[in-house]
Structure formats: structure tokens, C-alpha cells
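Me: I'm new to this structure and would love a close look at one part of it. Could you pick a strand, walk me through its neighbours, and then show me how the rest of the chain is laid out?

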Amino acid sequence: VLGLLAGAFLLVMATRIPGDTLLIPWNPNLAVAPGLALVFVAWRIGLGEHRLLPLGAFLAVWCVGAHLGFVHLVATLVVWSLVSLVIARRRRPADERPQARRHVVAAAAVVLVRVAPRLGDWARHGDESNPARLGESLVPDDDEATVPMSEVMHVLRGDLDIPPAWSQSRLPYSIYILAAPDWSPIALIAVAGAAILAVRRRAAGGLTGMTMALTAVGTSARGMATINDDQLLIWYLLPPHIASIALYAFVAWSLTESVLSLLPSRARSGPTSPARIGSRQRALRAFVGVGAILTLAVAQWETPRFQYRMAETTADLAGPIIDRYESGEPVLLSAPVLIDGYLSQSLALRLDRAGIDVRVPVEQVFTYTSAIEITPGWEGTEIFVQFTEDEPDPPIAGATLIAQTVVRPLANFEGQIMSAWELPGTVSWDGETLRRE
């Protein structure tokens, strides 16, 4: 039941979040399923299953290697599981403790094998190595902007809401147009209720799982405040989403077991046989499992598909631009690369195929290709692309509207205006500063 719930919730997230992000070949997505598995492996390790240490070590290193945004989630799970494992073993008499040395050594070997290439890189290149640069990115820089705590709280509330942020098409932060709705404490009340019932039936496993997952949600969200960036990117949300999925699975499972525990007590007042009680329990577990699958089916059916109709949209926008500029004319395309990045990439491709010397800012090359990166000495015209709910406004004084079109559908909106503007003057790039004349 617990596995069915977690799997169904994960697939719900895959169908609801913008851009079908789990289908994009982008490193953070490679840690989603392993990250969720790590939550449950860490939970079992904390309950005394030391045989899972090698698997936990592999999953932990894999997730951190996929993206540093998982560091806080992984660190929480590792510390929690190891401390809980030590406590669980100390509670048992010394002569009854199973030997864990072999599994500890195996886990250490897994970590060593996984990090050996990175250690070699660091030994050879020192401060210029990839591990050194990654380590620097973990340390907040006072001179750089970081994600505001107000946005972190939006994420935290979104993942502790009913329905949770990962099951909706609305993003749980306000830095974009799609802001989260008002938060209600119903989810936390459900967690508290499940915890109280677990305590009453002395279910240490369920109580431990819920507490661990809730802690992981908090630390994953709090970790985003250390990111040296002034805005949230979609993949930053994956770690708290994963912890939240595990939390909701633990709560649903624990509540199910609490209901099942009431059946035998009621049977004592009547002639109900143990076999019949067992059949009822199996039926209820099956009901919960089928409910999880139905939840997935409903989510699949009602999910708004984030198809931007790129061909039609960018054709409408690119046509007037291509007509305006001659083949080989230098143009700098400044366009959003986050939620609406697919449209920006499609537009750049159309302009390039039309023979226009299209370039993109250095900080946006990661979502395009280095072949169209602006280079020192480049000079040309800047085209600014924006997305608005209503009629577009000039981004700066003197900007000329070249083209606009309606994007349908986009998330929860009936439509959104995509417009292209020619900014006044000529821009040039000296390798450090973009100048306008």
C-alpha cells in the first residue's frame, strides 16, 4: 500500500507540473525517482535494516551527483537514518545485535567508487576542478542575490497544503504570474491526526516515517534560501516535492493501518472470526491501493496539457521579424528561458533557419546552444520577447512592437500574449558589458 501510494503520487506530479519537466533530459530529473526511493530506504535503515546501507549510500551519492539542489534533502535523510540506526541498535542487548560491519564497509566502498572520479578531478585541478567549483556554490555569497525567504515560504506552504503543490498545475511561488492560492493548515492537521493515532497503536514505524518526511520537507525548502540566485527555477522545487510525496504517502498509509487496527477490537463484541477480520483488512488495503491508482487516473484525465502549440505560436511571431530583417543581419534575442523557454528556443531556431544572425545573452546559453552565444565585439539590434496576460506594454521607452500572438493553453490561463519588441539603438558586447547606443 505504501509503495502504491508513493508511486501513484509521483506519477501525479509527473503529469501536473509545468513543461512535463520529468521528461526533459536535464540532470535534476534523474534524481526524482531515486530521491523518493532514498526516503523509504533511509526510513527502513533508521528502523534497524542495516542491510540497506549500501543501497542507501548509492542513492544518496547519485542524487547529489545529479544536482546540488538535493544536498539538503540527502543530508537530512542520511543523518536521520544513521542516528536512528545507532539508537535502534543500542536499544537491543549486545548479544542480540546483528553484525552490521560488512554492510557498513560495503556502503563505504560504494561511496568511494562513486566519488573517486571527482576526487581525481580535485587532486589534478585543485581550485579549478568541478568539485571545487561545486563546493563554492554551496556557500552563500553575500555579494550575490539569493532566493527570498518569502518565496521559500510559498514553496513550504505549497508542499504542505491540500491539494499539495506537486499535484497542481499552479506553481507554489509568486515570482512568476502563477502564484500559489491561500494556504490552509488542513494537511498539517491530517499529519497530526495520523501521528496521534500511530502513537495510540504504538506504531513506531509510521510515526518515524511521517516525522522524517516532514523534517525533510522543511530542510529541503529551507535549503533553497542558500541558492545564489534571485529567482526560483522549476528544478529547485523537486527535493521538497519528493519529501512531500513521501509525507503524504506515509500519512495515508498510517491512517489506513489505524483504521485496520480498529477492526479486531470491534470483532471482540461479536462472533467475527480471525479469518473474516483478515479478509476485511486485505479488502481495505486493496481499496486504498485501487484508490491510489484511481487518483492517478483522475489526475491524468483532468491535467491541463502544457502544449504551447510552438509551431503555430512561433510562426506567427517569427514571420514579421523575418520580414523586418535581412538575411545575415545581427539580432540579439532576449527572451524568457524558464516557464516559457520552449517558445523562446523555438523562436530562436526559426530566426536562425531564416538566415538571421541570431544571438542570445551569455547567461542564457545553457538553454540554447553555444553556437548562438553572443561573442565579444558583436554588435546589432536587440529583440525583447515578453509574456503578458493582457495587451503588452513597451519594455522600455522607444521600443517598437514588431509582432504579437496568443499562446493557448498555458497552465491555468485561457491565454497569454507573447510579443516581440525591437529595442531602440544598437547594442554591443565587449565580453563583460552589454552597451546600448
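Reply: Happy to! Let's start with one pairing: glycine 380 has valine 427, in β6, as its bridge partner. Please keep in mind that this is a predicted model.

Glycine 380 brings us to the strand to look at closely, β3, which covers residues 378–388. Three bridges link β3 with strand β6 (residues 427–429), and these two run antiparallel. Strand β5 (residues 416–422) also pairs with β3 in the antiparallel sense, this time over six bridges. One place to find that pairing is glutamine 386, which stands opposite serine 419 in β5. The pairing with strand β1 (residues 330–334) is parallel, and four bridges join it to β3. Here you can look for valine 331, whose bridge partner in β3 is threonine 381.

Is β3 mostly covered or mostly open? It is mostly covered, with nine of its 11 residues buried.

Now let's step back to the whole chain. It holds 13 helices and seven strands, and 44% of its 437 residues are buried. Of the contacts between residues at least 6 apart in sequence, 74% join residues at least 24 apart.

Next, the interior. In soluble globular proteins, nonpolar side chains tend to be buried together. The largest nonpolar core in this chain has 64 residues, and Phe40 and Phe250 have the most contacts inside it. Several helices give two or more residues to this core, including α1 (2–16), α2 (32–46) and α10 (238–267). The largest share, 11 residues, comes from α10. Phenylalanine 40 itself touches Leu2, Ala6, Ala246, Ala249 and Phe250, leaving aside residues up to four places away in sequence. There is also a second, separate core of 26 residues; among its members are Ile321, Ile356, Val358 and Val407.

Two more residues are worth finding. Histidine 103 lies in helix α5 (residues 101–125). Histidine 103 counts as buried because its relative accessible area is 13%, below the 20% cut-off. Beyond residues up to four places away in sequence, histidine 103 touches His50, Arg51, Leu53 and Pro54.

Tryptophan 62, in helix α3 (residues 53–66), has 31% relative accessibility and so counts as partly exposed. Together with Leu30 and Phe58, Trp62 makes a nonpolar surface patch of about 270 Å². For the surface as a whole, the chain exposes about 22,000 Å², with carbon and sulfur atoms supplying 59% of it.

Technical notes:
Residues are numbered from 1 along each chain as its sequence is written. This is a predicted model: local features need pLDDT of at least 70, side-chain atom pairs count only at pLDDT 80 or more; totals for chains, interfaces and linings use all residues. Side-chain values use heavy atoms; hydrogens and water are left out. Patches are made of residues with over 30% relative accessible area and no salt bridge: like charges are joined within 9 Å, nonpolar side chains (Val, Leu, Ile, Met, Phe, Trp, Tyr) within 5 Å. Accessible areas come from the Shrake-Rupley method with a 1.4 Å probe; for residues, only the protein chains shown count as cover. A salt bridge is a side-chain nitrogen of Lys or Arg within 4 Å of a carboxyl oxygen of Asp or Glu. Buried means under 20% relative accessible area, exposed over 50%, partly exposed in between (1.4 Å probe, protein chains only). Contact means heavy atoms within 4.5 Å. A nonpolar core is a set of buried Ala, Val, Leu, Ile, Met, Phe, Trp, Tyr and Cys residues joined through side-chain atoms within 4.5 Å. Two strands pair if DSSP finds at least two bridges between them.
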